[in-house]
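Welcome! Below are a few short exercises to work through at your own pace, each with a worked solution. Have a look at the structure first, then start.

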Amino acid sequence: MNKKILIVNGPNLNLLGQREDNIYGKETLEHIKTACQNKSKLIDFDIDFFQSNNEGEIINKIHEVEKFYDGLIINPAAYTHSSIAILDSLRAISKPKIEVHLSNIYSREEYRKKSITSEGVNGLICGFGSNSYILAIEAISKLIYK
Ligand code: DQA
């Protein structure tokens with residue numbers, strides 16, 4: 001049976017393509033979803049792609065990982081820098097987990113340079129635009145088959 005991974009996207013990522021495109025690029029979240037689906041097919045992975053602007057909904061979705069998925073890729077967006085609740089939910093999951101960001105959060109404002117949520121994941125990929133997600137799919141397959 002194919003391995004199944006969950007890709008979670010946090011607040012305002014539904015506005016990709018129209019939101020600060022000088023930083024986040026012109027691709028919509030729908031484009032990124034299609035690129036992730038295409039990449040996943042090549043390696044026989046099934047993916048579920050989820051976006052929410054609501055912290056509680058994101059946490060409830062993360063809780064599903066232990067039971068229903070083999071791994072998690074998450075772009076917590078602005079919650080990256082503030083949410084101990086999302087960090088705690090990530091720590092509760094034993095499956096491989098990777099944090100991604102479109103932008104290089106370490107080359108931006110001071111308040112973006114600290115990722116609280118990355119303390120709960122195996123690794124972090126940032127700064128490659130939508131390709132951060134594709135690199136994360138490759139990386140998570142290595143973690144799942146380790
Ligand atoms: C982001 C970086 C965050 O700092 C920001 O709040 C986002 C997007 C990224 O993908 O580059 O919404 O997670």
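**Exercise 1. Find out how many disulfides the structure holds, and explain the result for cysteine 36.**

Step 1. The structure holds 0 disulfides, a disulfide being a pair of cysteine sulfur atoms within 2.5 Å. As a reminder, a disulfide is a covalent bond between the sulfur atoms of two cysteines.

Step 2. Look for the cysteine sulfur closest to that of cysteine 36: it belongs to cysteine 126 and is 16 Å away, too far for a bond.

Step 3. Now check burial, where buried means under 20% relative accessible area, exposed over 50% and partly exposed in between (1.4 Å probe, protein chains only). Cysteine 36 is buried because its relative accessibility is 0%, and cysteine 126 is buried too, at 15%.

Before you go on, a note on the source: this is a predicted model, in which local features need pLDDT of at least 70 and side-chain atom pairs count only at pLDDT 80 or more, while totals for chains, interfaces and linings use all residues. Residues are numbered from 1 along each chain as its sequence is written, and side-chain values use heavy atoms, with hydrogens and water left out.

**Exercise 2. List what cysteine 36 touches, then place cysteine 36 in its nonpolar core.**

Step 1. Contact means heavy atoms within 4.5 Å. Leaving aside neighbours within four places in sequence, cysteine 36 is in contact with Ile7, Ile47, Phe49, Tyr133, Ile134 and Ile137.

Step 2. A nonpolar core is a set of buried Ala, Val, Leu, Ile, Met, Phe, Trp, Tyr and Cys residues joined through side-chain atoms within 4.5 Å. The largest one has 22 residues, and Cys36 is among those with the most contacts inside it, together with Ile5, Ile7, Ile73 and Tyr133.

Step 3. Ask which elements build this core: β1, α2, β2, β4 and α6 each supply at least two of its residues. Helices (H or I, at least four residues) and strands (E, at least two) are DSSP runs, numbered from the N terminus. Helix α6 gives the most, with 5 residues.

Step 4. Another core, of 15 residues, lies apart from this one; Leu6, Val8, Val65 and Ile74 are among its members.

**Exercise 3. Describe helix α6.**

Step 1. Helix α6 covers residues 131–144, and its 14 residues reach 20 Å from first C-alpha to last. That is close to the expected 20 Å, calculated as 1.5 Å times one less than the number of residues.

Step 2. Its buried residues are Ser132, Tyr133, Ile134, Ala136, Ile137, Ile140, Ser141 and Ile144. They pack against β1 (3–9), α2, β2, β3, β4 (97–101) and β5 (123–126).

Step 3. Asparagine 131 also lies in α6, but counts as partly exposed because its relative accessibility is 36%.

**Exercise 4. Which residues form the aromatic pair, and what parts of the chain does the pair tie together?**

Step 1. A search of the whole structure finds 1 aromatic pair. Rings of Phe, Tyr and Trp (its six-membered ring) pair if their centres lie within 6.5 Å; planes under 30 degrees apart count as stacked, over 60 as edge-to-face and the rest as tilted.

Step 2. Phenylalanine 45 and tyrosine 145 form this pair, with 6.2 Å centre to centre and 45° between the planes, which makes it tilted.

Step 3. Phenylalanine 45 lies in strand β2 and tyrosine 145 in the segment after α6, so the pair ties together parts 100 residues apart in sequence.
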